[in-house]
Amino acid sequence: WGYLRAPENGRARFAAFGAALALGVMLFVPVDYRVSAPARIEGAIQRVLVAPVDGFLQQSHVRPGDTVTAGQPLFELAEQDLQLERRKWESELAQHENAFLGALVRSERTQYAVNRAKAPQASAQLDLIEEQISRSRVTAPFDGIIIKGDLTQSLGAPVQRGDVLLTIAPVQQFRLIVEVDERDIAEIQVG
């Protein structure tokens, strides 16, 4: 105290006074403490649209950021291979039907039974191919916005069943994801 009262130590007095003032401000003036964290907005529901069958991407009708309505076509897979397989099973079904009818006319019971049993198998395969052809055109399941998947860069590319091609989310339903560090999570309060 005596050192600070000496007339030649004005700078020291000024520094001590500034330090005391700064300490007082830090102790008695409230300061907001803000926790910062990276955040992102996601759709409340995100539906992933996958390739329903193995094939090639023929056409894409949407890009990320486009809004779509329920039932709107999103992309199409090439049907040429499926059409060829359908023709194959149609001809095989017709062949089995003709064979069992011919065996019926000739009264060959064993051939009739064998070909009569093979016809439903070919018919089931034909139904499966028809279902795959109907799935080659994928439509929007609900009104929403495309948030992921630019297929315009992949036209003609092979896709396998289950490959993720697009992600769609509702337009009006979102959720906020905030990734707060563990050391700051205790500071987070409602509001």
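**View 1. A117 on helix α4 of the predicted model.** At 52% relative accessibility, A117 counts as exposed, and this is a predicted model, as are all the views that follow. Look for A117 in helix α4. A useful companion in this view is F100: 17 residues separate F100 and A117 in sequence, while their C-alpha atoms are 9.2 Å apart in space.

**View 2. S136, in the loop between α4 and β6.** Helix α4 spans 109-135 and strand β6 spans 137-139, with S136 in the loop between them. Is S136 buried or exposed? S136 counts as buried, because its relative accessibility is 1%. Follow its side chain and you will come to the backbone oxygen of I133, at 2.7 Å. Setting aside neighbours within four places in sequence, the residues in contact with S136 are F75, E76, L77 and E79.

**View 3. The open sheet β6-β5-β3-β8.** Here four strands make an open sheet in the order β6-β5-β3-β8, and their pairing is antiparallel. Which strands stand at the edges? They are β6 and β8 (158-159); each has a single partner strand, so one side of each is left without a neighbour in the sheet. Strands β3 (residues 55-60) and β5 (residues 73-77) run antiparallel and are joined by three bridges. To find your bearings along this pair, start at Q59, which stands opposite E76 in β5. As a reminder for reading this view, strands of a sheet pair through backbone hydrogen bonds, in either a parallel or an antiparallel way.

**View 4. S60 in strand β3.** Stay with the sheet and move to S60, whose place is in strand β3. S60 is buried, since its relative accessible area is 17%. Its side chain reaches the backbone oxygen of V62 at 3.1 Å. Apart from neighbours within four places in sequence, S60 is in contact with L74, F75, L151, T152 and L155. Readers who have just come from S136 will recognise F75, which is also listed among the contacts of that serine.

**View 5. The salt bridge between E76 and R137.** E76 forms a salt bridge with R137, and the closest N and O atoms are 3.7 Å apart. The pair links distant parts of the chain, with E76 in strand β5, R137 in strand β6, and their positions 61 residues apart. E76 is buried, with a relative accessible area of 17%, whereas R137 counts as partly exposed at 46% relative accessibility. E76 is a familiar residue by now: S136 is in contact with E76, and Q59 stands opposite E76.

**View 6. R40 and its salt-bridge partners.** How many salt bridges does the model hold? The count comes to seven, and this view takes in two that involve R40. With E42, the closest N and O atoms of the salt bridge are 3.1 Å apart. With E179, the closest N and O atoms are 2.5 Å apart. The pair of E179 and R40 links distant parts of the chain: E179 sits in the segment after β10 (174-178), R40 is in strand β1 (residues 39-43), and they are 139 residues apart. What about their exposure? R40 counts as partly exposed at 38% relative accessibility, E179 is also partly exposed at 43%, and E42 is buried at 16%. Widen the frame a little and R175 comes in too, as salt bridges that share partners join R40, E42, R175 and E179 into one network.

**View 7. Strand β7 with partners β4 and β9.** Strand β7 (residues 144-148) is joined to strand β4 (residues 67-68) by two bridges, and the two run antiparallel. A handy marker for this pair is V68, whose bridge partner in β7 is G144. Three bridges join β7 to strand β9 (residues 164-169), again with the strands running antiparallel. Here the residue to look for is I146, which has I168 as its bridge partner in β9.

**View 8. A nonpolar patch on the surface.** Which residues form this nonpolar patch? They are F17, L21, V25, V29 and V31, which together have about 510 Å² of accessible area. To place the patch, find V25 in helix α2 (residues 10-28). V25 counts as partly exposed, because its relative accessibility is 44%.

Note on methods
Residues numbered from 1 in each chain as written. Predicted model: local features only at pLDDT ≥ 70, side-chain atom pairs only at ≥ 80, totals over all residues. Heavy atoms only, no water. Buried < 20%, exposed > 50% of the residue type's maximum accessible area, 1.4 Å probe, protein only. Polar contact = N/O pair within 3.5 Å; in protein donor to acceptor, adjacent residues only side chain to side chain. Contact = heavy atoms within 4.5 Å. Pairing = 2+ DSSP bridges. Patch = residues over 30% accessible without salt bridge, like charges linked within 9 Å, V, L, I, M, F, W, Y side chains within 5 Å. Areas by Shrake-Rupley, 256 points an atom, 1.4 Å probe, with all protein chains shown as cover. Salt bridge = Lys/Arg side-chain N within 4 Å of Asp/Glu carboxyl O.
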